[in-house]
Amino acid sequence: MLNTDASESGKNLRIVVMVSGGGTNLQAIIDGVRNGRITNTEIAGVISNNKNAYALTRAEKNHIPNQCVSPKDYESRDIFNEKLLEAVASYEPDLIVLAGFLVVIPPAMIRKYENRMINIHPSLIPSFCGRGYYGLKVHEAALERGVKVVGATVHFVDEGTDTGPIILQKAVEVEPGDTPETLQKRVMEQAEWKILPQAIDLIANGRVRVEGNQTKILS
Ligand code: GRF
């Protein structure tokens, strides 16, 4: 069992959500905590690398502690990495949720939060993932290949790119006339905004067990 099991201890799972952009996945998490789809969980903080990210406004509107930690504000990548780790640790999180966070995660952070950091990727891993596959590029590649089914994946973060243990996946059909933009929107609405809150709820309730590079969902 993960040491993120909040249900055993009777305490809420404290999550930090890391974002770079619009924050619709963050919104799905905020809504999920509010409407009870996500239980035993509190959003301890939101961190963005981009001070103009609308995600920060969403955090502010919902009275969630938030801050920007940008590589641009530091002399070197090493200093930025240290500051990022400090910012994350200040919220004492049980789980880190990467929700459209476009910065390379410092290796020290990956080690520190092994099996306690998850990411949402807008494809059915192992298709259209790895280096260079982010944002609209994922959907462009899927349309170029002519696949009929796409989707999204929530996985634990390990030292590779999109290689960690898969927690949940959801398929979405490609429709005739789809553009990268229409496909991105459908994948978000039908898959990302559902499986990310669902994965957090499973973890908060002690229902995800990591076994090697796989997970078992306990009933
Ligand atoms: C999502 O498509 C997510 O899968 C990807 O980045 C996007 C973030 O969108 N990693 P938002 O900021 O949650 O609206």
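By contact I mean heavy atoms within 4.5 Å. The model I am working from is predicted.

**Entry: D162**

I started with D162, in the loop between strand 6 (149-156) and strand 7 (166-173). Setting aside neighbours within four places in sequence, I find D162 in contact with N119, H121, I125, C129, G130 and H155. What does the side chain of D162 reach at 2.9 Å? I traced it to the backbone nitrogen of G130. Buried or exposed? D162 is buried, yet I see no salt bridge for it. I looked for the nearest side chain of opposite charge and got R131, 10 Å away. A salt bridge needs a nitrogen of Lys or Arg within 4 Å of a carboxyl oxygen, so R131 does not qualify as a partner for D162.

**Entry: the loop between strand 5 and helix 6**

I125 turned up among the contacts of D162, so I followed the chain on from there. The peptide bond from I125 to P126 is cis, and I read omega near 20°. P126 sits in the loop between strand 5 (117-121) and helix 6 (136-145).

F128 has its place in the loop between strand 5 and helix 6 too. I noted a positive phi of about 50° for F128, although it is not a glycine. I get a relative accessible area of 18% for F128, so I have it down as buried; the cut-off is under 20%.

**Entry: aromatic pairs**

How many aromatic pairs does the structure hold? I count 2. One joins Y74 and F80: ring centres 6.5 Å apart, planes at 40°, so I call this pair tilted. F80 is buried, at 0% relative accessibility. Y74, at 28%, counts as partly exposed.

F128 comes back here, paired with Y133. I have their centres at 6.4 Å and 65° between the planes, an edge-to-face arrangement. Y133 is partly exposed, with a relative accessible area of 32%, whereas F128 is buried.

**Entry: helix 3**

Next I went to helix 3, residues 54-61. Which residues of helix 3 are buried? I list A55, L56, R58 and A59. Looking down the axis of helix 3, I see these buried residues fall within an arc of 155°, so they line one face of the helix. On the other side I find E60 and K61, both exposed.

What covers the buried residues of helix 3? I found that the cover includes strand 1 (13-19), helix 2 (24-35), strand 2 (41-48) and strand 3 (66-68). Just past the helix I checked H63, which follows helix 3 and has a positive phi, near 55°.

**Entry: E92**

I looked at one more positive phi, that of E92, a residue other than glycine, with a value near 45°. E92 lies in the loop between helix 4 (77-90) and strand 4 (95-98). I have E92 as exposed, with a relative accessible area of 60%.

**Entry: salt bridges**

My search of the whole structure gave 7 salt bridges, and I wrote up some of them.

E42 and R14 form a salt bridge, their closest N and O atoms 3.3 Å apart. This pair links distant parts of the chain: E42 is in strand 2, R14 in strand 1, and 28 residues separate them. I looked up the accessibility of both partners. E42 counts as partly exposed at 32%, and R14 is partly exposed at 26%. Strand 1 and strand 2 are familiar from the helix 3 entry, where I listed them among the cover over its buried residues.

K185 and E189 meet through their side chains in another salt bridge, 3.1 Å from N to O. Both are in helix 7 (residues 180-204), and being 4 residues apart they are separated by about one helical turn. K185 counts as exposed at 52% relative accessibility, while E189 is partly exposed at 34%. Elsewhere, I found E175, D178 and R186 joined into one network by salt bridges that share partners.

In that network I took a closer look at R186 and D178. Their salt bridge has its closest N and O atoms 2.7 Å apart. Buried or exposed? I have R186 as buried, and D178 as well. I set this beside D162, which is buried but has no salt bridge.

Definitions and conventions:
Residues numbered from 1 in each chain as written. Predicted model: local features only at pLDDT ≥ 70, side-chain atom pairs only at ≥ 80, totals over all residues. Heavy atoms only, no water. Phe/Tyr/Trp six-rings, centres within 6.5 Å; stacked < 30°, edge-to-face > 60°. Buried < 20%, exposed > 50% of the residue type's maximum accessible area, 1.4 Å probe, protein only. Helix = DSSP H or I, 4+ residues; strand = E, 2+ residues; numbered from the N terminus. Lys, Arg positive; Asp, Glu negative; His and termini not counted. Polar contact = N/O pair within 3.5 Å; in protein donor to acceptor, adjacent residues only side chain to side chain. Arc of directions from axis to C-beta.
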